[in-house]
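Q: Could you take me through one part of this protein at close range? I'd like to hear about the main nonpolar core and what sits around it.

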Amino acid sequence: MATLDINGKVVDVEAAPDTPLLWVLRDHLGMTGTKFGCGMALCGACTVYLDGAPARSCTTPLSALAGKKITTIEGLGGKVAGAVQAAWERIDVPQCGYCQSGQVLAATALLTSNPKPSDADIDTAMSGNLCRCGTYQRIRAAIHDAAKSLEA
Amino acid sequence: MNTANVSRRKFLGTSAVLGGGLVVGLILPLRGALAKTAAADAKPVQANAWVRIAPDNTITLICHRNEMGQDVHTSLALLIAEELEVDVDKVRIEQAPVDPVYVNALLGAQITGGSTSVRDAWIKLREAGATARTQLVAAAANEWKVPAADCVAKDGTVSHGNKRKTYGELAAAAAKLSAPAKVVLKKPADFTQIGKHQHRLDTPAKTLGKAIFGIDVTQPGMVYATLEQCPVIGGKVASVDDARAKAMPGVRAVVNIGEGVAVIADHYWNAKKAREALAITWDYGPGAGLDNAKIEATLKEGARQDGAVIRKNGDVAAALKTATKKLHAEYRLQLLAHATLEPMNCLALVSDKGCDIWASTQFPQGAQGIAAARSGVEAARVRIWPQFIGGGFGRRLDVDFIGQAAAIAKAVPGTPVKLIWTREDDTRNDFYRPASYNTLSGGLDAKGNLVAFDYKFASASVTNRMFPGVTKNGLDPLMTEGAIDLTYDIPNEMLRVVIQEFGLRVGYWRSVSHPLNAFPIESFIDELAHAAGKDPVAFRLALLGKQPRQRAVLERAAKEANWGQKLGAGKAQGVASMESYGTHQALVADISRTASGAIRIDKLTYAVDPGIAVHPDQVIAQIQGGAVSGLINALTAKITLKDGRVQQSNFHNYQLPRMNQMPKIDVVLMPSGDDPGGMGEVGVPLVAPAIANAVFALTGQRVRTLPLADAKLSFA
């Protein structure tokens, strides 16, 4: 049995120690906002925060999570996240929407560390998150829009 | 020219789908349920197949097309809302079950594909909205004993003088009235919602991680399945030693379903690990020796055959003989995977109540047929629960994974089983966008006018596999698209297609044959323009005398992109133009060479005339997204085979465009006319030829193969 800190709650999980966090969340805990895309940390659909920094839950085993604070899309909150999600809605970023939990977490992490990112900063921070539908241009616009709204 | 649309309309309408092997015993599982709902006054009232009105005035659209990002939920809700006189953001969406009333008239089956959703619904759903509104008004008029013509329906209420009732209050009485024989639809000039800016109804759920995709559905007592499939597509299990797998933690059962062996376990990770412990001997079948060289040789041989004539004008052979200048070229396109971000998956339950299927699918009717066939449950007792789709692009027109889940669930009756493919499974068990071999000859007269055009396209037919009987006289209507609707006026032309199977299953990939035809044709038109010493835009405009809409988009794209301007060193532009799905478009690509010698795609400038744009912001979104599918086709992605095995596996060796590689995409909408054209696939096909033509302008290198990276080009 492992004890995890997920979205500020203490949760006990009965799973094999090599089970990736992604499947602990989705399968054992029924938290399906975090998505399975590749299983190799190549697409970013499974992005969560570990101690506030973006991480790929599909390659992070349960055994590596002791003492870490885990944040998922379900528990994402605060001023920056609110600004990002509001900008996402203003600009209607999602198409199929499958990658968007990961995109929202990556964008929120970017704006938290860099309140006024340039296009080059966005390229660097967001290139690990694939969007097969091609919402990249709107993601970029929404990040700039959220930055502006946080400035005001 | 609407030839392609006409052929689409005729396409499956002759009930080929229903007669084919795929769909077994079509049934209406919910029709009875719908009728029952309408009878119960206290409950929400089903006004017709699409509209349900609750006492609290909640309006629900029973959406008969599946949402995969292309915005059908909001676009179709707009059609209802406009005529029903409710705000679209008050409309809730419920996904429709399988029922003949929901058949797509343009395709002859309950399918979401072919850029047909809005076109098929354009009259149908506005009439459904108007019919419901007319009945609500009549119910109010009866109650108030006033003429219906004096009542006003607006914002979900009917009023007359001081009297006012909500639709919710009127719905039960309205449902008892017979539907009007005829309703008059609004004139486009009177639209208050169609054509205006609206937010997508599904944006909040998708932004908060709350949208439920097929892979997210859970049922009480649910277990998981993984499936080891034959490494050669089409191969079968010869024998399996499952002793080690069965002894692993959490494993409930091991099931041989023919094309592979499934492990059912309490949790996904246990099912995945136990799968790795299976020892399977395969019968690889006839595909075992297949590789790319063989596929290309087969297609090249196909291109030497006469094929079937798609269209013909004048005498192309004679015109080529007497032409002042002649050009001949051969083009090739690669195999592609769909690579939806949500891998194939399906939750199936076989029980004494029948079979229930929860899945992301573009083809609920096909899902019902295959689930019935593989579970052994009669189709009347197979219920399909379609979910949000995490990327379709045509992959989820195929229902193979749904049949697999049904076959696996059959082994554990009463237990819901969710089958999830890995990314590697998904990449290696696709129905691939077919490769093609295309030959072209053109002739110019002394003044550089195009007087002869001879085109031949050899490729495999998806339609022959999925909908046997639809191809007539060698013409698969989903191979001729992008050629039959050629907009250029050429006095002597012959366009032909050769159906040449090459031993690998192929599937519909967003925009289907349009890119397979547009890359060769629009690149070759560019070759001819240069051979004639003419500007590529001017050369095309000269061939569009009878095509005012096509001329207009080409002129506009050129203007917006400052075509002909002096570009700096290391920069170039390329152009391409076509009609597809009844929508006219032209595209200018701006590219540049980086310091390291790589090519960067800087900008794509589209001008698009979609007829009426029902939801303009999402029409733009579809072009932006289509551009990314177009970049996948154009730049680096390809599927290759060795010894019958697909060599790519995941996103490191089947690469999709990322944020840092994205060009700026400018879209100019130029709506004209009173009917919508198709939009979901339009953005795709011109990307490759526009970029290839820009590469020629930049480097002098004419690339006639896709992906362009195969011609020793690298992209930044």
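**A close look at the core**

A: Keep in mind that this is a predicted model. The largest nonpolar core has 219 residues, and B:I357, B:I402 and B:Y606 are the ones that touch the most other members. Among the elements, helix 16 of chain B (residues 513-531) gives the most to this core, with 9 residues. There's also a second, separate core of 47 residues, and B:V72, B:A81, B:Y102 and B:L136 are included in it.

Let's zoom in on B:I357. Setting aside residues up to four places away in sequence, B:I357 touches B:C346, B:L347, B:A348, B:A371, B:R383, B:I384, B:W385, B:I402 and B:A406. One of those partners, B:I402, is itself among the residues that touch the most other core members. Three others on that contact list, B:R383, B:I384 and B:W385, belong to strand 17 of chain B, which spans residues 382-386.

Strand 17 is worth a pause. In general, side chains in a regular strand alternate between the two faces of the sheet. In strand 17 of chain B, B:V382, B:I384 and B:P386 point to one face and are buried, while B:R383 and B:W385 point to the other face and are not buried. The neighbour here is strand 16 of chain B (residues 354-359), which pairs with strand 17 in the parallel sense over 5 bridges. If you want one pair to click on, go for B:W358, whose bridge partner in strand 17 is B:W385.

Another strand to look at is strand 21 of chain B, which runs over residues 492-499 and has 7 of its 8 residues buried. Strand pairing of this kind works through backbone hydrogen bonds, and it can be parallel or antiparallel. Strand 21 of chain B has both: it runs antiparallel to strand 13 (residues 308-313), with 5 bridges, and parallel to strand 20 (residues 450-459), with 8 bridges. On the strand 13 side, B:R311 has B:L495 as its bridge partner. On the strand 20 side, B:A452 stands opposite B:N492.

Now for the open space. The largest pocket holds about 650 Å³. It's lined by 34 residues, and the closest to its centre are B:I233, B:G234, B:D400, B:F431 and B:R505. Helix 12 (364-375), helix 13 (400-409) and helix 15 (462-466) of chain B each put at least two residues into the lining, with helix 12 giving the most, at 4 residues. Sorted by class, the pocket lining has 17 nonpolar, 10 polar and 7 charged residues. There's a link back to the core here as well: helix 13 of chain B, at 400-409, is one of the pocket-lining helices, and B:I402 and B:A406 are on the contact list of B:I357.

The model has closed spaces too, with 9 cavities of 30 Å³ or more. The largest cavity has about 660 Å³ of space. Its lining is made of 46 residues, and B:Q70, B:S115, B:T116, B:G680 and B:E681 lie nearest its centre. Helix 1 (3-11), helix 4 (72-84), helix 5 (117-144) and helix 19 (616-634) of chain B each give two or more residues to that lining. By class, that works out as 22 nonpolar, 19 polar and 5 charged residues.

Two buried residues round off the tour. B:D202 sits in the loop between helix 6 (167-175) and helix 7 (203-207) of chain B. It counts as buried because its relative accessibility is 4%, with the cut-off being under 20%. Apart from neighbours within four places in sequence, B:D202 is in contact with B:E67 and B:F388. B:D202 and B:D71 are 131 residues apart in sequence, yet their C-alpha atoms are 8.6 Å apart in space.

The other one is B:I59, in strand 3 of chain B (residues 59-63). B:I59 counts as buried because its relative accessibility is 2%. Leaving out neighbours within four places, its contacts are B:V51, B:R52, B:I53, B:L84, B:V86, B:K90, B:V91, B:R92 and B:Y167. Strand 3 is part of an open sheet of 4 strands in chain B, with the order 1-2-3-4 and mixed pairing. Strand 1 (45-46) and strand 4 (91-95) are the edge strands of that sheet, and strand 1 pairs with strand 2 (residues 51-53) in the antiparallel sense over 2 bridges.

Technical notes: Residues numbered from 1 in each chain as written. Chains lettered and ligands numbered in written order. Predicted model: local features only at pLDDT ≥ 70, side-chain atom pairs only at ≥ 80, totals over all residues. Heavy atoms only, no water. 1 Å grid on protein atoms, 1.4 Å probe; cavity = no way out; pocket = protein on both sides within 12 Å on 5 of 7 lines; lining within 4 Å. Points joined across faces, edges and corners; volume = space filled by probe spheres on them. Nonpolar A, V, L, I, M, F, W, Y, C, P; charged D, E, K, R; others polar. Core = buried A, V, L, I, M, F, W, Y, C linked by side-chain atoms within 4.5 Å. Buried < 20%, exposed > 50% of the residue type's maximum accessible area, 1.4 Å probe, protein only. Contact = heavy atoms within 4.5 Å. Pairing = 2+ DSSP bridges.
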